[in-house]
Amino acid sequence: MVGVNKKQVRIGMIGYKFMGKAHSHAYRDVPFYFDNKVEPVLQALCGRNEEGVKEAAEKMGWLSYETDWRKLIERADIDLIDIVTPNNAHTEIAIAAAEAGKHVYCEKPLAMTLEQSKRMLEAVEKNGVIHMINYNYRFAPAIQFAKKLIDTDRLGKIYHIRATYLQDWIMDPKFPLVWRLDKEVCGSGSHGDLAAHSIDLARFLVGEFKEVSGIMETFIKQRPIVESSSGLSGKASSDKMGDVNVDDASVFIARFENGAIGTFEATRFAGGNRNGNRFEINGEKGSIRWDGENMNNLQVYFHDDEPGLQGFRTINCTEEIHPYAGAYWPTAHIIGYEHTFINLMVELMDGIDKGYSPSPNFVDGVKNQAVLEAVEQSSRRKQWVSIETIMQ
Ligand code: SOE
């Protein structure tokens, strides 16, 4: 769908599985629901397997495809490179894209190490391209509304954040060694995959981290070698086993620059929890609670509510007044996971139009990576680690 008289941003996306599907769908919906001056065009999809990428491109509405990402980056008809590959490819692709003058939008976590993420930030800044990272949960209307409540002092001084990101998809010891369990490909396990989201929400809502103390654990040390994998599933090839070299769970406590303290738990071993991204924040004047499996709702509690009627109440953040919600359906006609991507891309298109990198961008990516790395060091050294030290 190409709008009349609209400036176009021609996307070249690398990768086409789970996140590729989410991004492809969201690009198509941006001009459908929003009136951005700039609109995305699904110019070219890239993947190594020609049959697979061709089929995905046709199904998801891409105009062309490539099998070599370097060729994609060289193409004059591409303005933005979208990286939805496994984590080990982020750094090389992002730096090459920036050097070729393309804007860059990257999946989370930004990289596998802080050092890689810093190089990525340096490259986008040096080449003056627009950059963003996909911490999509920020863009649930309830989260944006929570941010407004905090910024307008409705909760007062923040004391606590209690964040958990709980999944259970690898609890079966026979579940194979997919790429998300291979350190060479993903950098870390539940830590970079799940805790990274909680860290982003905490930075967005509470503020910057000061220091952390954590533990990381791998419960199942060996798993069957994988024959083929896709997204969150995989098929074991034989009885041959390989070592699991990433964490199954990471737990940490944190102190923030503004004096708040936080507890964080990310695990793939919380039986019964399929995608439990949740938190509670307590301030001097009130509290909020959010559960990503019920993402339209924000629970709020205010201390100055009438005595006898005090308690958490549930706000369904689907009204015109709630950020992004008005673009979709009438009140209480709920939206879902895919809309968080659309909302983020609305900002990305606006940034490209006006020449700025909306948050979360690579600066946020680096700060997030610093917290991830500080927790890893803390777990190894059995000590508190300050973010300032890790950033040096
Ligand atoms: C898998 O654990 C996963 O898909 C993550 O990679 C996403 O970032 C998260 O939103 C849902 O779970």
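Biologist: Okay, starting with α1 and α9: is their crossing left-handed or right-handed?
Modeller: The crossing where α1 passes α9 is right-handed. Keep in mind that this is a predicted model.

Biologist: Got it. Which residues of the two helices make that contact?
Modeller: From α1 you have Ala-22, His-23, His-25, Ala-26, Tyr-27, Asp-29, Val-30 and Tyr-33. On the α9 side, the contact uses Glu-338, Phe-341, Ile-342, Met-345, Val-346 and Met-349.

Biologist: And what classes do those residues fall into?
Modeller: The α1 contact with α9 counts 10 nonpolar residues, plus two polar and two charged ones.

Biologist: Where do these helices sit in the chain, and at roughly what angle do the axes cross?
Modeller: Helix α1 covers residues 18-33 and helix α9 covers residues 337-354. Their axes come within 8 Å and cross at roughly 65°.

Biologist: What else does α9 lie across?
Modeller: Helix α9 lies across four strands: β1 (7-14), β2 (38-46), β5 and β6. Relative to β2, α9 runs at about 105°.

Biologist: Strands, then! In what order do the strands come in the sheet with β1 and β2?
Modeller: That one is an open sheet of six strands, ordered β3-β2-β1-β4-β5-β6, and the pairing is parallel. At the edges are β3 (64-66) and β6 (131-133), each of which pairs on one side only. From one strand to the next, the twist averages 25°.

Biologist: Remind me, what do strands pair through?
Modeller: Backbone hydrogen bonds, and the pairing can be parallel or antiparallel.

Biologist: How many bridges join β5 to β6?
Modeller: Three, with β5 (residues 103-106) and β6 running parallel. One example is Tyr-105, whose bridge partner in β6 is Met-132.

Biologist: Which residues does UniProt list for the N-terminal domain?
Modeller: Residues 9-135, under the name "domain: Gfo/Idh/MocA-like oxidoreductase N-terminal", and the UniProt entry is unreviewed. In the model, that span is 44% helix and 23% strand, and its end C-alpha atoms lie 21 Å apart.

Biologist: Moving on, how is the nine-strand sheet arranged?
Modeller: This sheet is open too, but its pairing is mixed. The order is β16-β15-β14-β13-β7-β12-β11-β8-β17. Its edge strands are β16 (313-316) and β17 (385-386), each pairing on one side only.

Biologist: Do β8 and β11 run parallel or antiparallel?
Modeller: Antiparallel, with eight bridges joining β8 (residues 209-217) to β11 (residues 249-256). Among the residues involved, Glu-217 has Ala-249 of β11 as its bridge partner.

Biologist: Which helices pack on that sheet?
Modeller: Helix α8 (residues 190-205) packs there, touching β7 (158-166), β8, β11, β12 (261-267) and β13 (276-283). The direction of α8 makes about 155° with that of β12. Helix α10 (residues 362-381) packs on the sheet as well, where it touches β8, β11 and β17. Its direction makes about 55° with that of β8.

Biologist: How do the axes of α6 and α8 meet?
Modeller: Helix α6 (residues 141-151) and α8 have axes that come within 9 Å and cross at roughly 35°. Ile-143, Ala-146, Lys-147 and Ile-150 of α6 make the contact with Leu-201, Phe-204 and Leu-205 of α8. By class, that contact has six nonpolar residues, one charged and no polar.

Biologist: Switching topic: where are the cis peptide bonds?
Modeller: One runs from Lys-108 to Pro-109, with omega near -15°. Pro-109 sits in the loop between β5 and α5 (114-126). Another cis bond joins Ser-359 and Pro-360, where omega is about 5°. Pro-360 is in the loop between α9 and α10.

Biologist: What about Tyr-324, is its phi positive or negative?
Modeller: Positive, near 70°, in a residue other than glycine. Tyr-324 is in the loop between β16 and α9.

Biologist: Last one: which residues are around the ligand?
Modeller: Gln-167, Asp-193, Leu-232 and Asn-275. That shell divides into one nonpolar, two polar and one charged residue.

Terms used: Residues numbered from 1 in each chain as written. Predicted model: local features only at pLDDT ≥ 70, side-chain atom pairs only at ≥ 80, totals over all residues. Axes fitted to C-alpha atoms, helices over the stretch in contact; angles between N-to-C directions. Left-handed = near helix turned anticlockwise from the far one by under 90°. Contact = placed C-beta atoms within 7 Å. Nonpolar A, V, L, I, M, F, W, Y, C, P; charged D, E, K, R; others polar. Near = placed C-beta within 6 Å. UniProt positions renumbered as here; feature names shortened; annotations may be inferred. Pairing = 2+ DSSP bridges.
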